[in-house]
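Student: I am new to this structure and would like a close look at a single part of it. Please take me through that part slowly.

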Amino acid sequence: MAEDMDEVTQTGPKGVINDWRRFKLESMDQEALPPQKRELLRQMSSPHKPKDEARGGLNRKMSMQEYELIKEDMADDQCLKRYRKHCMQEMHERLSFGPRFEGVHDLADGEAFLEVIEKEHHNTVVVVHIFKDGVKGCEALNGCLECLAGEYPTVKFCRISVEASGAGERFSDEVLPALLVYKAGELLGNFLAITQNFNEEFFATDVESFLNEYGLLPEKELAAADGEEAEADVE
């Protein structure tokens, strides 16, 4: 049991500090660090010390070296942001929210279309845009889905041209753009000529509101936190 506990991320204030220092040490260029600083950071990041050392140092004051290192920790804003994002990803994996995605995925053919529907994680919502170049609304909808992909990293947004899908007979220009929504292999939403539900000029928020009316998007709380991290990284 003790060995199993060692592998679990430490909790509580001291555990979080140790995890942060360990993450920072692992993300640094080891060769670029002075040996003395590398060893000090390694010691500070380890929650397990010999019993004699732990007893002897229980009430000792923090050394100047440790104090300066902690000051550097707090000043290293970019590394702290990466650590927060790393923690969010770990939490998603632990709570079985399924995989995370970036951007809109292009599907090459009908086989790829079937694979993403049938083999994706059972908790993952899959949104597929069937489009055709030159058909009104398709390009704008692609842009909207790119924006939503950043807001909902647990949703897999995909697109496939009607020609590549091999379903040209079923999806004529009149019913495009079409948006299909799946989860665990089941079709949850089938929206033909979806842009007829929007104004002439529409935005990602309009598409988002439409999908939310049908309850097809997950809660945005966890996704929003990652969106903030992405914006912070750009800054």
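Student: Where is the place of Ile-117, and what surrounds that part?

Tutor: This is a predicted model, in which local features need pLDDT of at least 70 and side-chain atom pairs count only at pLDDT 80 or more, while totals for chains, interfaces and linings use all residues. Residues are numbered from 1 along each chain as its sequence is written, and side-chain values use heavy atoms, with hydrogens and water left out. Ile-117 sits in helix 7, residues 110–119, where helices (H or I, at least four residues) and strands (E, at least two) are DSSP runs numbered from the N terminus. Ile-117 counts as buried because its relative accessibility is 9%; buried means under 20% relative accessible area, exposed over 50%, and partly exposed in between, with a 1.4 Å probe and protein chains only. Leaving aside neighbours within four places in sequence, Ile-117 is in contact (heavy atoms within 4.5 Å) with Tyr-182 and Gly-185. Its C-alpha lies 9.4 Å from that of Val-127, ten residues apart in sequence.

Thr-124 belongs to the loop between helix 7 and strand 2 (125–131), and at 1% relative accessibility Thr-124 counts as buried. Apart from neighbours within four places in sequence, Thr-124 is in contact with residues including Pro-99, Tyr-182 and Lys-156. Between the C-alpha atoms of Thr-124 and Pro-99 there are 7.5 Å, although the two are 25 residues apart along the chain.

Lys-156, in turn, is found in strand 3, residues 156–161, and counts as buried at 15% relative accessibility. Not counting residues up to four places away in sequence, Lys-156 touches Thr-124 and Val-127, among others.
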